[in-house]
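Q: I should like to learn how to read the features of a protein model. May we work through them one at a time?

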Number of protein chains: 6
Amino acid sequence: MKKIVTLGEIMLRLSVNNSEKLFQADQLTMHYGGAEANVAVSLSNFGHDVYFVSKIPENPLGIAVERQMKANSVHTDYLMKGGERLGTYYLEIGVGQRSSQVTYDRKYSSFSMLRTEEINLDEVFSGVELFHVSGITPALSQNLKELTLLALKKAKEKGILTSFDFNYRAKLWSQQEAAETIKELLPFVDICSCGELDAVYILGMDQADHSLPREEKLRYYYSKLIEMYPNIRYIGSTFRNIISASTNTLQGNYFTEGELYQSKVFQIDHIVDRVGGGDAFAAGILYGILENMPSEELIAFATAASALKHTVHGDYNVFSVDEVVTFANNGAGKIVR
Amino acid sequence: MKKIVTLGEIMLRLSVNNSEKLFQADQLTMHYGGAEANVAVSLSNFGHDVYFVSKIPENPLGIAVERQMKANSVHTDYLMKGGERLGTYYLEIGVGQRSSQVTYDRKYSSFSMLRTEEINLDEVFSGVELFHVSGITPALSQNLKELTLLALKKAKEKGILTSFDFNYRAKLWSQQEAAETIKELLPFVDICSCGELDAVYILGMDQADHSLPREEKLRYYYSKLIEMYPNIRYIGSTFRNIISASTNTLQGNYFTEGELYQSKVFQIDHIVDRVGGGDAFAAGILYGILENMPSEELIAFATAASALKHTVHGDYNVFSVDEVVTFANNGAGKIVR
Amino acid sequence: MKKIVTLGEIMLRLSVNNSEKLFQADQLTMHYGGAEANVAVSLSNFGHDVYFVSKIPENPLGIAVERQMKANSVHTDYLMKGGERLGTYYLEIGVGQRSSQVTYDRKYSSFSMLRTEEINLDEVFSGVELFHVSGITPALSQNLKELTLLALKKAKEKGILTSFDFNYRAKLWSQQEAAETIKELLPFVDICSCGELDAVYILGMDQADHSLPREEKLRYYYSKLIEMYPNIRYIGSTFRNIISASTNTLQGNYFTEGELYQSKVFQIDHIVDRVGGGDAFAAGILYGILENMPSEELIAFATAASALKHTVHGDYNVFSVDEVVTFANNGAGKIVR
Amino acid sequence: MKKIVTLGEIMLRLSVNNSEKLFQADQLTMHYGGAEANVAVSLSNFGHDVYFVSKIPENPLGIAVERQMKANSVHTDYLMKGGERLGTYYLEIGVGQRSSQVTYDRKYSSFSMLRTEEINLDEVFSGVELFHVSGITPALSQNLKELTLLALKKAKEKGILTSFDFNYRAKLWSQQEAAETIKELLPFVDICSCGELDAVYILGMDQADHSLPREEKLRYYYSKLIEMYPNIRYIGSTFRNIISASTNTLQGNYFTEGELYQSKVFQIDHIVDRVGGGDAFAAGILYGILENMPSEELIAFATAASALKHTVHGDYNVFSVDEVVTFANNGAGKIVR
Amino acid sequence: MKKIVTLGEIMLRLSVNNSEKLFQADQLTMHYGGAEANVAVSLSNFGHDVYFVSKIPENPLGIAVERQMKANSVHTDYLMKGGERLGTYYLEIGVGQRSSQVTYDRKYSSFSMLRTEEINLDEVFSGVELFHVSGITPALSQNLKELTLLALKKAKEKGILTSFDFNYRAKLWSQQEAAETIKELLPFVDICSCGELDAVYILGMDQADHSLPREEKLRYYYSKLIEMYPNIRYIGSTFRNIISASTNTLQGNYFTEGELYQSKVFQIDHIVDRVGGGDAFAAGILYGILENMPSEELIAFATAASALKHTVHGDYNVFSVDEVVTFANNGAGKIVR
Amino acid sequence: MKKIVTLGEIMLRLSVNNSEKLFQADQLTMHYGGAEANVAVSLSNFGHDVYFVSKIPENPLGIAVERQMKANSVHTDYLMKGGERLGTYYLEIGVGQRSSQVTYDRKYSSFSMLRTEEINLDEVFSGVELFHVSGITPALSQNLKELTLLALKKAKEKGILTSFDFNYRAKLWSQQEAAETIKELLPFVDICSCGELDAVYILGMDQADHSLPREEKLRYYYSKLIEMYPNIRYIGSTFRNIISASTNTLQGNYFTEGELYQSKVFQIDHIVDRVGGGDAFAAGILYGILENMPSEELIAFATAASALKHTVHGDYNVFSVDEVVTFANNGAGKIVR
């Protein structure tokens, strides 16, 4: 059981039920989630001692967030209260040929307006072994850009393992703005979730030779990434093949010490809710690293965790280590009774 | 069928089902409403030709608002699109001893940031016989204060009947700020919804003699109001006695040409949803005035409309003139079959 | 356990949920019921051997009716299949000041088009001790008028106790048409459910002296009824005081051998579903007569049965004799645990 | 924005939720729809000025229909009120190996009993550019046969583009009866939705050579159709391959000026609700013709519109032109956020 | 219509809705079922005269069981009442990659504590043509082991056809305990549902040669089974290929007079609820044997029945013979309307 | 913030929705609760540091209990895992004239089979200021009788304030058995929830003089109780007047230092869920004692807490101190907006 900190926004997600369009709906299902919150919950369900650092409004929605974190055994000591509102978004869950649609209403959120001086990083990082943040956090405001950089630097100073997930959101910032910021952050990162598109469009790498198999291209990008930032020791990503909104394939990639490890290809059919699938994967990678899992086992575990997440509603991966391992080993099975 | 214009904000209301607290909820029921939108819908259901002037975001929530207005036969020619967001609030519907709780998330709404120059009042008011606005509109921003004043003045210039409902919201502005603004508006108002507390706390009248019966006090306040603003020709309000969140009594008051007319006392038990009850009353008053109803009949009609509204979910009074009249005459009856 | 036959229509009832108006609804709750079907279910739940005679279409709705009857242990041997459709109605359940609204869609139903020759009354009545029918049956068609008369005559010939409930429905026939038919039926009736309004408006009695207390008026009507039809041995009715759609009072009346017996006044607050309340009362009366209950006990039982029915959704009184007796003796009580 | 008229029945559809059989259900979901109403809604959502001509009862179900049309911006000027009932049907939505089951209760509907003299076709067709009707309308009654013929003739006289969808319903009329009527109508039709089975079983064409590829057979039927009715300028149909009730493939066919254009094959998995899929296709064809889309683009658009319709509940295609085009170009995509 | 008896436990099944984990749920869906109860319901829906022998508690859950059996026309004459509780289990219905999870709470149930002397087998078996029981019954208690053996012996004495389904449940007993008991039962069995794993792990047969095709292996096991128990005349089983919790293939096997008959392979996608699928198959086999269906037809019918069961919620196969036959002949088809 | 321990059973409660009888239901709502768990949650929501001591099974229902406790900030350090099952009960929530009905299925629960040696009371009680247990705990088993006595003794030895709520459950033990046990416990109790019926039927006091007012009778019983057990320093109870299952009045009583303090009479109409109302009251008393509230204020607070509990679903009082105080001071109020 290790002490872990994640820093990010948690939002209210309001999903349309019954395969309707949002403009036809009269009922919404509430979930709370956000990239770093999801990683926190997942690692806590895996048995670690996780602190989620964020800011939520002092109203019933804030209380709900706090209660959910506690129910998942995530520590709320640094879940600040105040500010104007909880970031919110509306989700039409895609099905078959119809893609999911997100309608954001997240501006002016308490977290996005957090000021650096509200957090005492020395206190937050005391005794911590792992710090995780994603590209969403610096995308939210100038303050949060500074805070993210400061936190990564401070973590490195203290010898804490640092993890960064690109998580590029086109609705939050341009590729150029993201590039400038993320390039400043990467020198302080040990573990990195970074996909092919991130390599090309954010980091500006030349496209790999089109004739290469996909995994060769990834080796090329990852080798280059480590050339650029030799501090990065572990890289992860998934190959997701979108057959329809209901059917995807998923294969996990894990790159360390110059080697690429790939999981088998999971056929995910049919998808209940894919939001949070990437965070479940990231949490799986982090768990494997903390547990010193062999690389093949690690990528199998992380990808299985992500695949399972697709079968439950809500952003959180609520499966235990045992459940993930059983699934990674046995696959979809029969009813045990 | 007369042409009517109302101007105001329409919000998304998200209500908790099942007598839970908001922080326990995982389902919300969606309704759309706002004081002036509710009056528009009600008058349209009464058979008039109503235009609702507002601004909504260009997203699926905006589309939903537009579709609902159309379903209620309210014209959307002046329902502008743009801006950042739809004002939102969360409602725990009170029951028994527990009061309803409102959690606002309405700042930065498209309507609240509307600029005066976005509306061509000459066009909007062309051929119009009645203009209605409430105190919520000027409370939302400095721009809207100016727009409200401008609209009332312009309407008077054009010989349009004007209606103003105090609708004081403590969470939006202080009594003093409200007083300053409303006193500027009242010289341009023909029809006014104004309660005892408004008279004392907003208009600063001395409290009526405590030993007087309640209707005498009201006569005193209304006479004074008309002394201050001789342009006001019709005043309405309700006496609401809150026995519990589920049980209220309601009596309508209507003051014109120096006479106070009161409806019978309606026992409303049990209340399904009281939000919009005041707007249903205001619309009933306006309908009666437009129809030249005798005053006793008018106040009976308006109060019955309000009482009926309490028996359906959502802000809108969806009853027809026939339904209101039948209820005003016969009260709660047996099953007709 | 006695053999009982009831004859009548069973309909699909589609109720609006959530205190909406029917035109706003997108979900309906299904129940099946009808006056004589409800009496059949109630007497079966009280332990008798009941046959329900009717006709339903040969489609899934017909299957549903049949399954429900069987689940309630009502025999379906004479539940014929065929014809065009199941009579249907839509119900907005009233609440507080808003009355329930029924929208009928029952024309051309399989039962309404039943021909007399489809039933072998000799077979149906073999071994039967009680036959019950209501005024709804003859109101549905000329054929059913004839069948009702024939059945009552045949039952009397066979020495079967006969029961007739006026159940006047203004949407089905005029008072005059009802009068003509019912006056033909009454000479063959032993047990009669007949209210004050039936006496005056259907049977054409002079109104009782207005200054008399309500129970005196009833004695007057009932004495007259027995003068007109000396074959009638038992008469029942309820005094229902409608405070609102959610709150009624209910008092049972039972007249036999020249004496009027009245139950206590039940305060029914709040009402879940009053449809079927009259049928639960009629079944209670019939049960008491079959069990030779003392008259005071009988009317207490029947009225308690009706009061309980108001607390569950659906037309059927699903309470057992024990539950009704416990309630009649102890009233609304505390949680037993 | 062009003025369009469609003529047909709109029904209440009551669907079983939760993968139950209708006889087990206790909740039904309400939708309203009908072939020509669906086309009207779709063309209105595509931005045209559509009038739906029909007749609905004067009750809350009629009000619901009217409100829905208005919410979809369909004009209701010629939506007559009166008659006995709204046609109704019950739908068990198929899943996997289980087919959808329809239980009709549509006889005696207000529309089916509409008389020709109730419509002033001169007024209805004033300024109209397109008139659409399907084979369901003449199948409903002798009157409607005459009205359909009259309307098509009148439209042609006025130079209006006419569209006819075979929409053969075996539960409404025999193939022979359909053949007689439809052959009378086709001389007045410009645009025709007609499948292989229609060509053989309704129009009595000889079957195409079995050894031909499917599109060759279709070319043969369509060439013959145009030989028979040279007035027909555009023909459309889909090839639907039913793998299961949850999985279909769909390919659109469009024939004009002697050429057959085919869309790509859409894999629709899993299907939310396929009712209305054909109407969405027909509306797509009509939209394309009105917009003078190139034929390849037209058939891609129409088929994409139909495929999208399968992913939402209810008969209506509620997607905008933009949404259809995006989907036609990009297919099922990732979450945009 | 033949008289049939089944003996076994019926349980309350509480399923989690909405693809949640049980620990997140706040709503559960209730179904009742059990292997032998399911066979009883299925054979009753196929038109036979079925008696279900069991014991249920004298409480509302027991009443619910009884009502459901009656609704399905299953006789409840030998459904005893008493004991402590109804066996219960919680079900997370699997989806995609996630397997279904069963949480049992079935100990101390009324049925599991049934004593042999509570049943008069002579009375129960009077006039009976078929007796069915599964391996779950003897697994529940020592008493039920004895009762199962006694019942099979008694049935054979009376010339009744006997049917036994292995239904091995690892959570109820060990393979060794099952083996001892089942070997005592098999000499009295005519019809046997027994899979490959049962042959190897319960009956202790040597594994068939791995290089053989699957059907050859089955022939080998079944031939051996009949060598061991020459009294067994009919054997059935299914080959189920679990692609995911949502997608299975299913092929039925039927062995009689030395010949193996196989159905086509059904692709079941997507699965609504597979619990009870095996019982639907067993009932199909029994129906076929009672009807003297040719073996090819029999196995087609039984497998189609099982495939259809996967498309409805709840344990019961509620389809009629007609529906199964139509599906067996035509497969998943289009909407008939 | 004081350290508090409660000891007792927590059960799964399965409530019927929609005013149906349990035997008609197909959906159940899940809540978890139990007398001492409810007090724990309430005191935690009031800001104290509460430990709930109990035993739950190692299955998903146990996980759900644990998560809920954590969400309510109750410590689960002594929430043991193991044993056979979670005690369960089914609840038909009463409405109007119909009483709530409880169907218990709680035998063999993990907690009821807890052995004394599983708890280290010295560790549990370290630093604790208040220990609370109710009469349900010793009623569950001989072991728990001994554990309850041991715990109360140990707590007194350590100078911990002890609280005991009679909570007599007739379905768990006889009055005589309760009397024997409780009389052994009371010498170690400081705070006691004890009603009039407890005094007479459990403690065997002579009935107070019938002519006395109710509060005088209570003074008599409480004075006697303190004569018998002079160690008892605080006594609480409520006068609940059951008008119907939907309407109760509630008045709180608090006796200390020879004085009886009574709250005002709360009219609770209509009741959402009264289960847990007594525990909310008990927790209110305990909170007041820990805070040294003046006695009038204390009893107002405790009774207001109980009244509020009746307005939300579930056993827990989820209101904060602020919400209770606001309600105690202002009563049911208007919507604040």
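Q: How many strands form the open sheet that includes S7(C) and S7(D), and in what order do they stand?
A: To read a sheet, one lists its strands in order across it. In this predicted model, eight strands form that open sheet, ordered S7(C)-S6(C)-S2(C)-S3(C)-S3(D)-S2(D)-S6(D)-S7(D), and their pairing is mixed.

Q: Which strands stand at the edges of this sheet?
A: One looks for strands with a single partner. Strand S7 (101–105) of chain C and strand S7 (101–105) of chain D stand there, each with a single partner strand, so one side of each has no neighbour in the sheet. From one strand to the next, the twist averages 30°.

Q: How many bridges join S6 to S7 in chain D, and in which sense do these strands run?
A: Strand S6 (residues 88–92) of chain D is joined to S7(D) by five bridges, and the two run antiparallel. To follow one bridge, begin at Leu91(D): its partner in S7(D) is Val102(D).

Q: Which helix of chain D packs on the sheet, and which strands does it touch?
A: Here one notes both the strands touched and the direction of the helix. Helix H2 (residues 60–71) of chain D touches strand S6 (88–92) and S7 of chain C, together with strand S2 (11–16) and strand S3 (27–33) of chain D. The direction of this helix makes about 55° with that of S3(D).

Q: What is the strand order in the open sheet of chains A and B?
A: The reading proceeds as before. This open sheet of eight strands has the order S7(A)-S6(A)-S2(A)-S3(A)-S3(B)-S2(B)-S6(B)-S7(B), with mixed pairing. Its edge strands are S7 (101–105) of chain A and S7 (101–105) of chain B, each of which pairs on one side only. Neighbouring strands are turned by 30° against each other on average, direction ignored. Within chain A, strand S6 (residues 88–92) pairs with S7(A) in the antiparallel sense over five bridges, and Thr88(A) has Asp105(A) in S7(A) as its bridge partner.

Q: Where is there a hairpin in chain C, and how many residues lie between its strands?
A: One examines the paired strands and then the turn that joins them. S12(C) and S13(C) form a hairpin with two residues between them. Strand S12 (residues 247–256) and strand S13 (residues 259–262) of chain C pair in the antiparallel sense over four bridges, and Thr256(C) stands opposite Glu259(C). In the turn, Glu257(C) has a positive phi of about 45°.

Q: At what angle do H5 and H6 of chain F pack?
A: For a helix pair, one reads the angle, the axis distance and the contact residues. Helix H5 (residues 142–157) and helix H6 (residues 175–185) of chain F pack at about 20°, with their axes 9 Å apart. That angle makes H5(F) roughly parallel to H6(F), and the crossing is right-handed. H5(F) contributes Lys145(F), Thr148(F), Leu149(F) and Leu152(F) to the contact, while H6(F) contributes Glu177(F), Thr181(F), Glu184(F) and Leu185(F). By class, these residues are three nonpolar, two polar and three charged.

Q: At what angle do the H2 helices of chains C and E pack?
A: Helix H2 (residues 60–71) of chain C and helix H2 (residues 60–71) of chain E pack at about 135°, with their axes 7 Å apart. H2(C) is therefore oblique to H2(E). Arg67(C), Lys70(C) and Ala71(C) of H2(C) make the contact with Arg67(E), Lys70(E) and Ala71(E) of H2(E). This contact has two nonpolar, no polar and four charged residues.

Definitions and conventions. Residues are numbered from 1 along each chain as its sequence is written. Chains are lettered from A and ligands numbered from 1 in the order in which they are written. This is a predicted model: local features need pLDDT of at least 70, side-chain atom pairs count only at pLDDT 80 or more; totals for chains, interfaces and linings use all residues. Side-chain values use heavy atoms; hydrogens and water are left out. Axes are lines fitted to C-alpha atoms, for helices over the stretch in contact, and angles run from 0 to 180 degrees between N-to-C directions. Angles under 35 degrees count as roughly parallel, over 145 as roughly antiparallel, 65 to 115 as roughly perpendicular and the rest as oblique. Contact means heavy atoms within 4.5 Å. Ala, Val, Leu, Ile, Met, Phe, Trp, Tyr, Cys and Pro count as nonpolar, Asp, Glu, Lys and Arg as charged, and the others, Gly among them, as polar. Two strands pair if DSSP finds at least two bridges between them. A crossing is left-handed if the near helix is turned anticlockwise from the far one by less than a right angle, and right-handed if clockwise.
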